[in-house]
Amino acid sequence: MPHSQTSAHRDSLAGVRLARGASPWLLPTVATAALSLVRARKSRRAAAIAVPTTALAAGMLWFFRDPEREIAQGRVISPADGVVQSIMPWKDGRTRVAIFMSPLNVHVNRAPLAGTVTSVEHVPGGFVPAFNKESENNERVVWHFDTELGDIEMVQIAGAVARRIVPYIPQGTKVEQGDRIGLIRFGSRVDIYLPEGVEVAVEVGQATTAGVTRIDRD
């Protein structure tokens with residue numbers, strides 16, 4: 001799937017590129033801010049209200065930004081902006097790299113490899129903070145990609161604030177590396193499982209950029 005195809009399906013406001021799926025949160029906030037600014041000219045009370053509503057609207061614009069990226073070269077690239085929270089060997093020989101996304105990160109997630117989406121499964125669960133060990137049982141969307149490295153699993157995990165995961169593409173879709181595949185509103189966590197024999201190139205505490213930071217090592 002060309003990058004232009006996925007990037008064409010985005011919301012926009014005042015020239016700012018916004019994540020697809022942002023409208024239900026963003027539009028009411030911006031409309032309220034605009035109305036309060038208009039009324040602020042006639043009322044001190046309205047002017048006082050305009051300050052926090054405008055700040056909230058500006059924050060929403062920042063939270064839901066969806067910048068273009070120059071996609072990096074490499075077998076596996078980061079699916080999320082954030083910080084590497086843990087690197088854990090798995091029982092089946094794979095290695096799980098968990099990336100914690102704060103509310104300040106870009107919330108749009110990207111395909112770590114080129115391939116075909118073989119499964120997109122929504123798993124109900126809780127909403128504890130993503131840095132908490134109990135987040136293993138949180139609401140999530142589990143992705144599987146058929147790639148040149150075989151089956152690659154990626155999991156979008158909701159948190160205490162991020163209670164809505166929005167997949168952009170269905171099962172059967174062919175993706176290019178770095179294509180936008182979904183949104184976690186207000187951040188949380190994204191896990192990617194590297195196949196046995198693939199060495200991890202990142203470290204715990206390292207910042208990652210979706211589509212840019214390489215996760216594996218040659």
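**Strand pairing, aromatic pairs and nonpolar core**

Strand β5 and strand β11 (residues 180-184) pair in the antiparallel sense over three bridges, where pairing requires that DSSP finds at least two bridges between two strands. The structure is a predicted model, in which local features need pLDDT of at least 70 and side-chain atom pairs count only at pLDDT 80 or more, whereas totals for chains, interfaces and linings use all residues. Residues are numbered from 1 along each chain as its sequence is written, and side-chain values use heavy atoms, with hydrogens and water left out.

Within the pairing of β5 with β11, V108 stands opposite L183, and R110 has R180 as its bridge partner. On the side of β9, three bridges connect this strand to β11, again in the antiparallel sense; here P167 has G182 as its bridge partner. Together the three strands make up an open sheet in the order β5-β11-β9, with antiparallel pairing. Because β5 (108-110) and β9 (165-167) occupy the edges and have a single partner strand each, one side of each is left without a neighbour in the sheet. From one strand to the next, the twist averages 25 degrees, the axes being lines fitted to C-alpha atoms (for helices over the stretch in contact) and the angles running from 0 to 180 degrees between N-to-C directions. The strand between these edges is also shielded: five of the five residues of β11 are buried, so β11 is largely enclosed by the rest of the structure. Burial denotes a relative accessible area under 20%, exposure one over 50%, and partial exposure a value in between (1.4 Å probe, protein chains only).

A second open sheet comprises eight strands in the order β10-β6-β7-β8-β12-β4-β3-β14, with antiparallel pairing. Its edges are formed by β10 (174-175) and β14 (207-208), each with a single partner strand, so one side of each has no neighbour in the sheet. At the β10 edge, two bridges join β6 and β10 in the antiparallel sense, and T116 is placed opposite K174 in β10. Strand β6 (residues 115-123) is joined to β7 by seven bridges, and the two run antiparallel; V123 is found opposite R140 in β7. Strand β7 in turn pairs with strand β8 (residues 150-157) in the antiparallel sense over eight bridges, with Q156 of β8 as the bridge partner of V141. The strands β7 and β8 form a hairpin with two residues between them. Seven of the eight residues of β7 (residues 140-147) are buried, so this strand is largely enclosed by the rest of the structure.

Two aromatic pairs were counted, the criterion being ring centres of Phe, Tyr and Trp (its six-membered ring) within 6.5 Å, with planes under 30 degrees apart classed as stacked, over 60 as edge-to-face and the rest as tilted. The rings of W90 and Y193 have centres 5.4 Å apart and planes at 75 degrees, so this pair is edge-to-face. The pair links distant parts of the chain, since W90 lies in the loop between β3 (82-89) and β4 (95-100) and Y193 in strand β12 (residues 189-194), 103 residues apart. W90 is partly exposed, with a relative accessible area of 31%, whereas Y193 is buried at 7%. For W143 and F145, the ring centres are 6.0 Å apart and the planes lie at 5 degrees, so the pair is stacked. Both W143 and F145 are buried.

The largest nonpolar core, a set of buried Ala, Val, Leu, Ile, Met, Phe, Trp, Tyr and Cys residues joined through side-chain atoms within 4.5 Å, has 33 residues. Those with the most contacts inside this core are V97, W143, F145, I169, V175, I181 and L194. Two or more residues are contributed by each of β4, β7, β8, β9, β11 and β12. Neighbours within four places in sequence aside, W143 is in contact (heavy atoms within 4.5 Å) with residues including V117, V120, I152, M154, P167, I169 and I181.

Over the whole protein chain, three helices and 15 strands are assigned; these are DSSP runs (H or I, at least four residues, for helices; E, at least two, for strands), numbered from the N terminus. Buried residues account for 48% of the 218 residues. Of the contacts with a separation of 6 or more, 69% involve residues 24 or more positions apart. The protein chain exposes about 10,700 Å², of which carbon and sulfur atoms supply 57%; accessible areas come from the Shrake-Rupley method with a 1.4 Å probe, and for residues only the protein chains shown count as cover.
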